[in-house]
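Here is a short set of exercises to work through with the structure open beside you. Try each task before reading its solution.

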Amino acid sequence: MRFDREKLEALASLPDDKLWAEVVGIAERYGYSLPKETPSHTDLEKMRAAARAEKINVSEALRLVNQYKKR
């Protein structure tokens, strides 16, 4: 799986509410339903860190998304 680093950086640079709206939109395109309410800034910083990591940890990113899905 290849990731577009520029797109990930652009997403990570968005304000919390816009970042979460993008995440929800991407999830919906793949058949996942996430809560519309924006998670805490701390939780979104974890997502940003995953997106900015030298090597993307897909399992960590999926774990974070699944946590939000269960809420």
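**Exercise 1. The setting of one arginine**

Is R48 buried or exposed?

*Solution.* Keep in mind that the model is predicted. The cut-off for a buried residue is under 20% relative accessible area. R48 has 5% relative accessibility, so it counts as buried.

**Exercise 2. Salt bridges around R48**

Find the salt-bridge partners of R48, and work out which parts of the chain they connect.

*Solution.* Start with the principle: side chains of opposite charge can pair when their charged atoms come close.

- Step 1. A search of the whole structure gives five salt bridges. In one of them, the side chain of R48 meets that of D16, at 2.8 Å from N to O. R48 belongs to helix α3 and D16 to helix α2, so this pair ties together parts that lie 32 residues apart in sequence. Both R48 and D16 are buried.
- Step 2. R48 also forms a salt bridge with E45, at 3.0 Å from N to O. Because E45 and R48 are three residues apart in helix α3, about one helical turn separates them. E45 has a relative accessible area of 33%, so it is partly exposed.
- Step 3. Put the two pairs together: D16, E45 and R48 are linked in a network of salt bridges.
- Step 4. Now look at H41, which is in helix α3. Leaving out residues up to four places away in sequence, H41 touches D16 and R48. H41 itself is partly exposed, with a relative accessible area of 44%. Its C-alpha atom is separated from that of W20 by 10 Å, with their positions 21 residues apart along the chain.

**Exercise 3. A salt bridge for comparison**

How accessible are the two residues of the E28 and K36 salt bridge?

*Solution.* First, the geometry: the side chains of E28 and K36 meet at 2.4 Å, N to O. Next, the accessibility of each partner. E28 is partly exposed, at a relative accessible area of 43%. K36 reaches 58% relative accessibility and so counts as exposed.

**Exercise 4. Helix α3 and its buried face**

Check the length of helix α3, then work out how its buried residues are arranged.

*Solution.*

- Step 1. Helix α3 covers residues 41–52, twelve residues in total. At 1.5 Å a residue it should span 16 Å, and its end C-alpha atoms are 16 Å apart, which agrees.
- Step 2. Its buried residues are D43, L44, M47, R48, A50 and A51. Seen down the axis of α3, these fall within an arc of 160°, so they line one face of the helix.
- Step 3. What does that face pack against? The buried residues of α3 pack against α1, α2 (16–29) and α4 (58–70).
- Step 4. Take M47 of helix α3 as an example. M47 has 12% relative accessibility, so it counts as buried. Setting aside residues up to four places away in sequence, M47 touches W20, V23, L64, V65 and Y68. The C-alpha atoms of M47 and V23 are 9.9 Å apart, although the two are 24 residues apart along the chain.

**Exercise 5. The two sides of helix α1**

Which residues of α1 are buried, and which exposed residues sit on the face turned away from them?

*Solution.* Begin with the buried side: L8, L11 and A12. Viewed down the axis of α1, they fall within an arc of 95°, so they line one face of the helix. The buried residues of α1 pack against α2 and α3. On the face turned away from that side are the exposed residues E6 and K7.

For a contact that involves L11, turn to E22 in helix α2. With neighbours within four places in sequence left aside, E22 is in contact with L11 and L14. E22 and L11 are eleven residues apart in sequence, and their C-alpha atoms are 7.8 Å apart. At 38% relative accessibility, E22 counts as partly exposed.

**Exercise 6. A nonpolar surface patch**

Which residues form the nonpolar patch on the surface?

*Solution.* The patch is formed by F3, V58 and L62, which together have about 240 Å² of accessible area. F3 lies in the segment before α1 (5–12). At 37% relative accessibility, F3 counts as partly exposed.

Terms used:
Residues numbered from 1 in each chain as written. Predicted model: local features only at pLDDT ≥ 70, side-chain atom pairs only at ≥ 80, totals over all residues. Heavy atoms only, no water. Patch = residues over 30% accessible without salt bridge, like charges linked within 9 Å, V, L, I, M, F, W, Y side chains within 5 Å. Areas by Shrake-Rupley, 256 points an atom, 1.4 Å probe, with all protein chains shown as cover. Salt bridge = Lys/Arg side-chain N within 4 Å of Asp/Glu carboxyl O. Helix = DSSP H or I, 4+ residues; strand = E, 2+ residues; numbered from the N terminus. Buried < 20%, exposed > 50% of the residue type's maximum accessible area, 1.4 Å probe, protein only. Expected span 1.5 Å × (residues − 1). Arc of directions from axis to C-beta. Contact = heavy atoms within 4.5 Å.
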